[in-house]
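Subject: Structure to look through

Dear colleague,

I am passing on a structure that I would like you to look through at your own pace. Below it you will find my notes on what was found.

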Amino acid sequence: MKRILLKLSGEALAGGKGFGFDEETCLGVARQVKVLLEQGIQVAIVIGGGNFWRGRNSSKIIERTKSDQIGMLGTVMNCIYVSEIFRTLGMKTKVYTPFLCGSFTELFAKDSAVEALEEGKVVFFAGGTGHPYFSTDTGTTLRAIEIEADAILLAKAVDGVYDSDPKTNPQAKKFDKISIQEVVDRRLQVVDLTSTIMCMENKMPMVVFGLNEENSIVKALSDEFNGTYVTVD
Ligand code: UDP
């Protein structure tokens, strides 16, 4: 693989704390991404916002559109923070948003992002799609398709795709490989349904693994991989 889009959940960044950032977790991600860059892989990153705010359920009384705007701004904070952590290890980075954030970020444009990736910069796509009622999953899928990534790497709390929830069902079976059609048919929650359909229509494969496992981001692109491949052909 030459170009990947890594999706990290906001909650994963919070480590055990559940809110805000766990610096050691973020440094661990940065060290692994550095290894991928050294292997010549181009890396783009999308980060969720669940460690700050979820538009759907963080407030019961304010309007959803505004609540989602807060969620999107949370993902901007996450990207600025993680980008700076990456810089402490000597990597070059760029943070893009789909809306203007003054001098904090750059407005997303495919050509600029691809150029930055080709220069070896780690590119962050903050602010999701820029629209309410979407998620960072849809932002991930959209950007992965736009920048013509070879795959989406999904670093999750669980270590792959199971036939039922392994937290509630100890008999749950993990797939080594599953087709995206089967993900749809079985309504498995790998990413949300909108994103699943987008991946299917645009033939974007996904590589799913647990972020908590040692060196799992590097392993995801090696023979040591033990998560789930979601195939599209
Ligand atoms: N969000 C949005 N549009 C997008 C991406 C994100 O409105 O394109 C908002 C939404 O409110 C979401 C929050 O940002 O709940 C954080 O994103 P994330 O996808 O992490 O939310 P989660 O899936 O964890 O609820």
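In which helix does Val 35 lie? Please keep in mind while you look that this is a predicted model. Val 35 belongs to helix H2, which covers residues 23-38, and because its relative accessible area is 31%, a value that falls between the 20% limit for buried and the 50% limit for exposed, Val 35 counts as partly exposed. Although Val 35 and Ile 217 are separated by 182 residues in sequence, their C-alpha atoms are 9.5 Å apart in space.

Turning to the strands, you will find an open sheet of 9 strands with mixed pairing, in the order E4-E3-E5-E2-E1-E6-E10-E11-E9. Its edges are strand E4 (106-107) and strand E9 (177-179), each of which pairs on one side only. Within this order, strand E10 (residues 206-210) pairs with strand E11 (residues 228-231) in the antiparallel sense over 3 bridges, and there Val 207 stands opposite Tyr 229 in E11.

The last part concerns two helices, H5 (residues 136-146) and H7 (residues 193-201), whose axes come within 8 Å and cross at roughly 15°. Because that angle is under 35 degrees, H5 counts as roughly parallel to H7, and the crossing is left-handed. On the H5 side the contact is made by Asp 137, Thr 138, Thr 141, Leu 142 and Ile 145, while H7 contributes Thr 194, Ser 195, Met 198 and Cys 199. Sorted by character, the residues of this contact divide into 4 nonpolar, 4 polar and 1 charged.

With best wishes

Note on methods
Residues numbered from 1 in each chain as written. Predicted model: local features only at pLDDT ≥ 70, side-chain atom pairs only at ≥ 80, totals over all residues. Heavy atoms only, no water. Pairing = 2+ DSSP bridges. Helix = DSSP H or I, 4+ residues; strand = E, 2+ residues; numbered from the N terminus. Buried < 20%, exposed > 50% of the residue type's maximum accessible area, 1.4 Å probe, protein only. Axes fitted to C-alpha atoms, helices over the stretch in contact; angles between N-to-C directions. Parallel < 35°, antiparallel > 145°, perpendicular 65-115°, else oblique. Left-handed = near helix turned anticlockwise from the far one by under 90°. Contact = heavy atoms within 4.5 Å. Nonpolar A, V, L, I, M, F, W, Y, C, P; charged D, E, K, R; others polar.
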